[in-house]
Amino acid sequence: MRRWLGVLGLVAFVAGCAASRPGPVKLRMWAMGREGEVVGELVRDFERGHPGIRVEVQQIPWTAAHEKLLTAVVGGSLPDVGQLGNSWISEFGTLESLVPLDPFLVRGELSRDAYFGGIWDTNVLDGVTYGVPWYVDTRLLFYRKDMLERAGYKSMPTDWKGWKECLRAVKARGGPGHYGIFLPTNEWMTPVVLGLQSGSPLLADGGTRGAFEEAAYRRAFDYYLGMFREGLAPAIGFNEIANKYQELSRGTFAMMVTGPWELGEFTRRLPDSLQSQWSTAAMPGPDGPGVSFAGGSSLVLFHGTKHPEEAWELVRFLSEPAQQVRFWRLTGDLPARREAWADTALTADARTRAFGDQLTRTEPCPMVPEWEEIATRVYEQADRAIRGATSPDSALATLDRLVDKMLEKRRWLAARRSAAGHRGRT
Amino acid sequence: MSATEVRASTGVVARGAKRATLAGRQARAGLLLALPSVALILVFFWGPVLYGLWLSLTDFDVYAIADPSAVRFIGLGNYLHAFSEPDFWNALRITLVYALVGAPVSVAVSLATALLVDAKTTRWKPFFRAVYFAPVVTTLVAVAIVWRYLYQPQYGLVNALLGKFGIPRIDWLGDPHWALPAILVLAVWKNFGYNLLIFVAGLQNVPRELHEAAELDGASGWQRFWNVTLPELAPVFLFVSVTTMINYFQLFAEPYVMTQGGPLKSTNSLVLLMYEQGFRWWRLGYAAALAFILFAVILGATAVQMRLQQREGRA
């Protein structure tokens with residue numbers, strides 16, 4: 001008995017000590033993939049500048065990130081601050097697991113003006129801002145300058161008409177077995193980007209219905225299918241091509257649509273003789289330079305954090321232009337903040353500069369939790385039309401039907417909400 | 001229960017009423033003793049199973065996390081949805097390949113190795129048993145790292161060995177045609193040691209006299225295997241083949257750590273699909289329906305297998 005009392009006393013003593021002398025605030029941060037590996041280096045500097053705050057970074061592989069986050073929402077074990085792919089903002093915002101950042105933003109330390117607008121908007125849901133862009137991702141053209149020159153093009157055309165003519169010229173010089181561009185038929189990015197360029201909202205009625213049969217998407221779809229109909233692009237997917245870098249080097253095609261990580265890959269994988277012969281260009285649009293998709297990751301505060309002020313400090317630190325440039329050097333991830341692009345290293349390289357140009361014209365994909373699955377259907381139906389398994393019209397009709405089925409729950413929720421609103425008003 | 005009755009009926013002198021109370025008391029004691037495990041089974045098995053059954057009849061999804069009132073009862077909707085999904089049929093087909101190819105190969109490898117380990121001329125038997133059992137107890141994640149090196153298309157050991165025979169390089173985990181066999185080989189290698197131990201135990205129970213008698217009658221090694229060893233092993237064989245098949249129906253970890261179900265969903269088993277739908281996209285209703293479909297498939301396959309082997313046993 002006396003021993004137990006002793007233990008109790010000890011516990012009380014320790015607890016008392018902890019209460020009377022507050023240690024440093026501990027922030028838990030989750031970051032994914034490569035970003036998670038290197039962010040620790042930036043965080044160490046943050047800790048040096050903020051002796052009262054300790055940051056514990058946990059690295060999460062991208063492949064397991066979504067389930068880990070959802071499980072944490074349900075289990076109430078979310079960290080204080082973290083990285084979130086911006087296509088997930090809407091989902092976790094809907095789940096009420098993100099802290100609205102507007103109270104911090106009114107202080108004027110960070111604002112939309114400092115960022116690429118299209119990217120910033122992926123963080124806004126029904127007028128509430130839930131994240132600050134950390135780095136950006138978009139898609140544009142990687143092409144062989146020498147092949148375009150031989151076809152009579154000094155630079156990449158900037159509109160749809162010129163783009164197709166250029167591809168025709170490249171193909172004509174190459175002969176049979178050669179194409180203009182590689183557009184993998186099992187990827188949704190290109191048809192979706194063309195749709196955004198053509199002004200299609202992709203989803204209608206507040207993200208409750210597909211809008212693929214509407215004129216805007218139809219025009220983009222027709223343009224896209226034309227690439228295959230004319231043989232400007234081979235009707236093959238990723239898995240049907242052994243090595244796209246090798247095929248590009250061989251001149252099987254002269255361009256492809258892909259993202260910023262490819263800057264490094266091209267340098268590594270193309271032969272030395274071609275190193276001065278490739279370049280990047282912003283996406284051509286229906287009439288002049290077109291938009292591309294706004295991807296990337298944001299920094300968010302998670303619901304239930306006990307240290308929102310300290311977490312916001314960290315977000316602000318990681319958003320400083322100097323840290324953004326440092327982060328770019330460590331990962332190759334493109335900075336989301338415009339001032340960071342004033343850095344000469346980023347703008348000195350013409351290939352990277354094209355990304356800076358494209359980033360001024362980006363648009364988000366529809367912000368609904370079902371988007372990833374919808375995107376799969378987009379390329380599946382496009383693939384069927386490309387291979388002639390169905391007509392373009394019926395491909396789009398099928399796509400809308402499938403998407404409408406997927407969004408049934410959203411329609412039901414919206415109907416319920418509006419019914420509740422009516423009742424509230426009367 | 002019958003033991004209680006026997007004991008109770010031996011008390012001839014006891015009056016009927018007293019006998020009843022004694023039996024009743026013993027029955028009550030029995031119930032009391034069984035209660036903890038019955039309660040555990042109710043709480044931790046039947047409770048979740050019934051809850052899962054209910055879930056499978058609802059559209060529980062990501063919207064329901066924030067707002068439980070967003071759950072709707074949709075009857076057999078999830079089941080019908082599964083049957084209309086190409087992804088489901090793809091996963092079912094791949095699961096059947098795992099179970100109908102992987103399980104028999106695994107059992108055959110276990111049996112063949114067990115015969116070798118148990119052979120009279122084999123030395124260091126405990127050593128071999130330990131070696132073959134090692135993969136079973138090794139963490140799969142660690143094993144996967146090693147196997148990813150082995151399967152590496154350019155520098156991997158597997159391609160290097162095949163190259164010696166002039167076989168061109170194969171992208172084992174990247175090619176949709178080869179990823180499934182590659183996963184099967186890994187799964188068999190990882191799991192055969194367990195059945196090996198059971199077979200070795202079974203082999204040691206085969207009476208030596210039968211072998212000696214057969215040998216005297218001039219039976220060859222092969223004939224002795226078919227006519228002595230196998231029939232004696234029949235009960236072990238039944239147990240091993242049923243449990244192995246069930247395990248392969250539930251194959252998850254191997255494709256999950258090696259390929260995540262890819263490339264092009266070519267290694268996506270039903271359990272992996274269920275995991276993806278349930279925990280990645282949080283469609284718990286749909287995932288629960290998949291679980292019950294898989295349960296029905298396993299039940300059916302097990303019944304068929306028991307029937308087949310019983311008939312063989314009688315013939």
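Colleague: In which sense do strand 1 and strand 2 of chain A pair, parallel or antiparallel?
Modeller: Keep in mind that we are looking at a predicted model. Strand 1 covers residues 25-32 and strand 2 covers residues 53-60, with eight bridges between them. One spot to look at is A:Leu27, which stands opposite A:Val55 in strand 2 of chain A. The sense of this pairing is parallel.

Colleague: Which handedness does the β-α-β crossover from strand 1 to strand 2 of chain A have?
Modeller: Let's follow the chain together. After strand 1 of chain A comes helix 2, residues 33-49, and the path then reaches strand 2 of chain A. A crossover counts as right-handed if, with the strands pointing away from you, the path over the helix runs clockwise. By that test, this crossover is right-handed.

Colleague: What separation do the centres of domain 1 and domain 2 of chain A have?
Modeller: Start with the pieces: domain 1 takes in 23-137 + 294-348, while domain 2 takes in 140-293 + 367-413. Each centre is taken over C-alpha atoms. The separation is 30 Å.

Colleague: Which helix gives the most to the side of domain 1 of chain A that touches domain 2 of chain A?
Modeller: Good one! Eleven residues from domain 1 of chain A and ten residues from domain 2 of chain A make up the contact. The domain 1 side has four nonpolar, five polar and two charged residues. With four residues, the top contributor on that side is helix 4 (residues 89-94) of chain A.

Colleague: What share of the residues of chain A count as buried?
Modeller: Here a residue is buried if 20 or more other C-beta atoms lie within 10 Å of its own. Chain A has 426 residues, and the buried share is 43%.

Key:
Residues numbered from 1 in each chain as written. Chains lettered and ligands numbered in written order. Predicted model: local features only at pLDDT ≥ 70, side-chain atom pairs only at ≥ 80, totals over all residues. Buried ≥ 20, exposed ≤ 12 C-beta atoms within 10 Å, placed from the backbone. Pairing = 2+ DSSP bridges. Helix = DSSP H or I, 4+ residues; strand = E, 2+ residues; numbered from the N terminus. Domains from an automatic or database assignment. Contact = placed C-beta atoms within 7 Å. Nonpolar A, V, L, I, M, F, W, Y, C, P; charged D, E, K, R; others polar.
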